[in-house]
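Trainee: Please take one part of this model and go through it closely, with the cut-offs stated. I would like the aromatic pairs, and some context for the chain around them.

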Amino acid sequence: AINIIISNHMKRHNNIISTIYKSLNQRSDLNIKFLTPENATDKNYLSSIANKDEYNVLFVPHTGPEVTTQLLENFNGIKWVQAVGTGVEALMSSEKIVNNDDLVLTNLKSVSSVALSEFAMLGALFFTKNVLRFQKLAAKGEWEKPGNLDIARMSGKNALVVGLGSIGREIAKKCAYGFDMEIIGIDRNPDGVPEEAKKMIKHIGTPDELPELVKTADFVFAA
């Protein structure tokens with residue numbers, strides 16, 4: 001039987017954790033206990049939960065290791081901790097995790113790739129289109145002729161993407177297919193880059209090539 005504890009002890013993760021709960025709760029083969037931020041830190045409440053040792057899966061935010069440690073101390077049957085986020089560095093500070101060889105810790109790899117690639121495009125466009133000057137003109141209620149605005153184009157330019165993990169590949173995809181840019185990539189393991197990504201990247205170099213490749217780039221994205 002799969003018995004899951006889903007803890008929402010970090011309120012800023014509320015949306016994604018609530019979505020996970022609603023999705024899993026539709027399955028009749030899962031027994032799920034949802035902990036609110038208040039319940040997750042209430043020792044009296046945790047001690048009152050029946051059959052605690054039957055719970056074997058714990059979903060927690062990827063931050064807030066102190067509460068996660070407390071939950072693992074209360075639910076001794078946990079075999080799998082699912083971090084709701086990409087990083088697990090904070091959770092690795094919990095001795096209940098690092099000192100338990102029988103415990104599996106996983107994360108939500110690539111969950112933020114699309115959102116972060118969009119922010120990368122936002123940053124590139126902000127400077128290319130001289131958005132700050134537009135903002136200053138708008139604040140003063142002034143109008144300038146387009147020729148005076150010192151704006152450029154991204155289309156047709158060269159983009160260097162440093163790091164071709166899930167975020168870097170999403171950035172490369174938007175640059176290649178959204179802005180018709182020529183893509184150069186850098187990765188510690190060029191052979192490990194998925195074939196689909198290689199099709200849109202002219203050259204994939206290693207980190208030692210960075211000093212030379214950066215000279216060819218109009219835009220550099222550190223992913």
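Mentor: What follows covers the chain as a whole, then two aromatic pairs, then a lysine.

The model is predicted, so local features need pLDDT of at least 70 and side-chain atom pairs count only at pLDDT 80 or more, while totals for chains, interfaces and linings use all residues. Residues are numbered from 1 along each chain as its sequence is written, and side-chain values use heavy atoms, with hydrogens and water left out.

The chain has 10 helices and nine strands; these are DSSP runs, numbered from the N terminus, with helices being H or I of at least four residues and strands E of at least two. Its radius of gyration is 24 Å, whereas a compact globule of 223 residues would be near 17 Å (taken over C-alpha atoms; the globule rule is 2.2 Å times the number of residues to the power 0.38). Along the principal axes, the C-alpha atoms fill a box of roughly 70 × 50 × 35 Å. Of the 223 residues, 40% count as buried (buried is under 20% relative accessible area, exposed over 50%, partly exposed in between, with a 1.4 Å probe and protein chains only).

The structure holds five aromatic pairs (rings of Phe, Tyr and Trp, the last by its six-membered ring, with centres within 6.5 Å; planes under 30 degrees apart are stacked, over 60 edge-to-face, the rest tilted). One of them is edge-to-face because the rings of Tyr-55 and Phe-75 have planes at 80°, with centres 5.8 Å apart. Tyr-55 sits in the loop between helix 3 (43-48) and strand 3 (57-61), and Phe-75, 20 residues away, in the loop between helix 4 (65-74) and strand 4 (80-84). Tyr-55 is buried at 8% relative accessibility, and Phe-75 is buried at 1%.

Phe-59 and Trp-80 make a tilted pair, 6.1 Å centre to centre with 55° between the planes. Phe-59 belongs to strand 3 and Trp-80 to strand 4, so this pair ties together parts 21 residues apart in sequence. Phe-59 is buried at 10%, but Trp-80, at 34%, is partly exposed.

Tyr-55 also appears among the contacts of Lys-33. Leaving aside neighbours within four places in sequence, Lys-33 touches Ile-4, Ile-5, Ile-6, Tyr-45, Ile-49 and Tyr-55 (contact means heavy atoms within 4.5 Å). Lys-33 lies in strand 2 (residues 30-35) and is partly exposed, with a relative accessible area of 25%.
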